[in-house]
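Here is a short walk through a structure, one selection at a time. Open your viewer, keep the selection box handy and follow along.

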Amino acid sequence: MTTESTATAFGTEQVRRARFAVAAVFTVHGAVTGSFATRVPWIQDHAGASAGQLGIALAFPAIGASLAMPLASAISHRFGARSALRGLLALWTLALVLPALAPNLLTLCAALFVFGASAGMSDVAMNALGVEVENRLDKSIMSGLHGMWSVGALIGSAAGTVAAHVGADARLHHVLAALVLTMIGLIACQGVLDLRSEPDEEPPPRFTLPPRSALVIGAVGFCAVFAEGASLDWSAVYLRDIMDSSAGLAAASTTAFALTMAVARIAGDKVVDRFGAVRTVRVGGVLATVGGVLVVVAPGAVPAMCGFGLLGLGVAVVVPLAFAAAGRSGPNPSQAIAGVATITYTSGLIAPSAIGSLAEATSLVVSFGLVTVLAFGLVLGAGVLRAGDRQVTAKAVGAPDVAKTAGAPAEPRA
């Protein structure tokens with residue numbers, strides 16, 4: 001766990017500035033993902049990988065992230081939250097250059113493993129700091145932070161689309177993007193809270209199983225990320241194969257889903273502040289379930305697209321709230337967040353292939369029946385996010401976090 005350094009409390013303006021700094025960090029993190037995603041075809045050709053080999057290679061980022069995430073807590077304990085985030089974010093932005101340099105499948109898998117490991121560790125560090133800022137502001141910001149990640153991904157995708165359109169070499173494109181994003185990231189990290197461990201605090205283990213609280217909260221995140229990954233990767237195929245839509249309309253469904261997610265996350269904080277984490281996720285689960293049913297029974301493309309839109313709207317804020325709940329569920333926020341992040345990354349890894357395997361054995365309609373069932377799991381499991389609701393008697397901005405300093409979990413709002 002990290003707290004502010006001894007005898008140092010953060011003022012109101014400093015915490016508010018830290019909010020914008022963390023938002024910038026989330027944007028940079030998302031921009032790296034968007035920059036990479038648009039150049040995957042170039043990377044595939046450069047490495048001489050078949051479609052099947054590319055599928056194997058693209059599993060390595062999630063594998064690397066899942067294995068490396070537990071290290072983030074130990075790094076933050078050793079170097080302090082600000083220095084840890086600065087180093088891990090720079091590692092992530094610079095790792096963008098590695099996949100495009102890979103000349104064959106083996107080196108591509110190795111590059112993507114490092115790429116994913118750096119993504120996962122920086123992801124944990126920035127989410128832990130986001131939760132700390134949210135605690136001190138006493139209002140929800142995690143949904144908006146994840147919305148800024150989506151904005152960054154859209155910006156990176158747009159720049160990558162332009163680079164691909166003009167036929168730019170992905171190696172040059174990613175070197176330039178990495179340098180620019182590294183510089184922006186280092187500047188942004190200067191404004192985050194400089195949290196440090198207490199002198200007598202035991203360092204967290206480098207590798208450990210997630211705490212039980214993280215497993216329960218992560219199960220809710222698993223359902224949301226599974227629905228998100230299935231919709232992002234398969235919505236266009238669903239409209240093309242099941243609804244017999246044109247390629248353009250099918251592609252538009254994926255873009256619409258991504259935009260729905262981004263807008264819902266940016267606007268989600270006000271909803272969470274008004275209704276609380278549990279009620280927000282429960283209502284979101286209802287919307288996602290209705291969306292899944294609409295996709296399954298839709299007689300045409302337009303109702304199916306509306307169904308995918310409801311799915312995106314329903315699951316948009318679940319992962320940010322899961323991270324927030326994990327950060328308040330015990331005495332070691334980074335460790336709990338790492339556990340939840342590992343579970344959600346695993347869900348994102350298996351969702352596309354699980355949908356494809358089930359579709360091959362049955363049909364895509366049956367596959368999205370499974371998505372609908374998992375969406376309903378959000379309704380049933382929303383109560384475990386109660387730790388994501390802030391305290392009724394919240395401390396003033398800048399006051400020491402007594403509960404966390406004493407190693408006790410925060411008291412959730414009823």
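**Stop one: an aromatic pair**

Select W92 to begin: its relative accessibility is 2%, so this residue counts as buried. This is a predicted model, so please treat each stop as a computed picture. Now add F115, which is buried as well, with a relative accessibility of 4%. How many aromatic pairs are there to look for? The count comes to six aromatic pairs. In the one you have selected, the ring centres of W92 and F115 are 4.6 Å apart and the planes meet at 40 degrees, so the pair is tilted. W92 belongs to helix α6 (residues 81–95) and F115 to helix α8, so the pair ties together parts 23 residues apart in sequence. Add F36 to your selection, and you have one aromatic cluster made of F36, W92 and F115.

**Stop two: along helix α8**

Stay in helix α8 and select V124. Is V124 buried or exposed? With 0% relative accessibility, V124 counts as buried. Show its surroundings next: leaving out residues up to four places away in sequence, V124 touches M69, A72, S334, I337, A338 and A341. Try a distance label between the C-alpha atoms of V124 and M69: they are separated by 6.7 Å, although the two residues are 55 apart along the chain.

**Stop three: a patch on the surface**

Turn on the surface and select I63, L67, L98, L101, F113, V114, L349 and I350, which make a nonpolar surface patch of about 590 Å². Which helices supply at least two residues each? They are α4 (60–68), α7 (97–101), α8 (105–137) and α16 (333–361). Click on I350, which lies in helix α16; its relative accessible area is 34%, so I350 is partly exposed.

**Stop four: the cysteines**

Select C109, which is buried at 9% relative accessibility, and then C223, also buried, with a relative accessible area of 12%. If you are looking for disulfides, a search of the whole structure finds zero.

**Last stop: zoom out**

Show the whole protein chain, which has 18 helices and two strands. Of its 414 residues, 53% are buried. Among contacts with a separation of 6 or more, 85% come from residues 24 or more positions apart. With the surface back on, the accessible area of the chain comes to about 16,800 Å², and carbon and sulfur atoms account for 69% of that.

Key:
Residues are numbered from 1 along each chain as its sequence is written. This is a predicted model: local features need pLDDT of at least 70, side-chain atom pairs count only at pLDDT 80 or more; totals for chains, interfaces and linings use all residues. Side-chain values use heavy atoms; hydrogens and water are left out. A disulfide is a pair of cysteine sulfur atoms within 2.5 Å. Buried means under 20% relative accessible area, exposed over 50%, partly exposed in between (1.4 Å probe, protein chains only). Patches are made of residues with over 30% relative accessible area and no salt bridge: like charges are joined within 9 Å, nonpolar side chains (Val, Leu, Ile, Met, Phe, Trp, Tyr) within 5 Å. Accessible areas come from the Shrake-Rupley method with a 1.4 Å probe; for residues, only the protein chains shown count as cover. A salt bridge is a side-chain nitrogen of Lys or Arg within 4 Å of a carboxyl oxygen of Asp or Glu. Helices (H or I, at least four residues) and strands (E, at least two) are DSSP runs, numbered from the N terminus. Contact means heavy atoms within 4.5 Å. Rings of Phe, Tyr and Trp (its six-membered ring) pair if their centres lie within 6.5 Å; planes under 30 degrees apart count as stacked, over 60 as edge-to-face and the rest as tilted.
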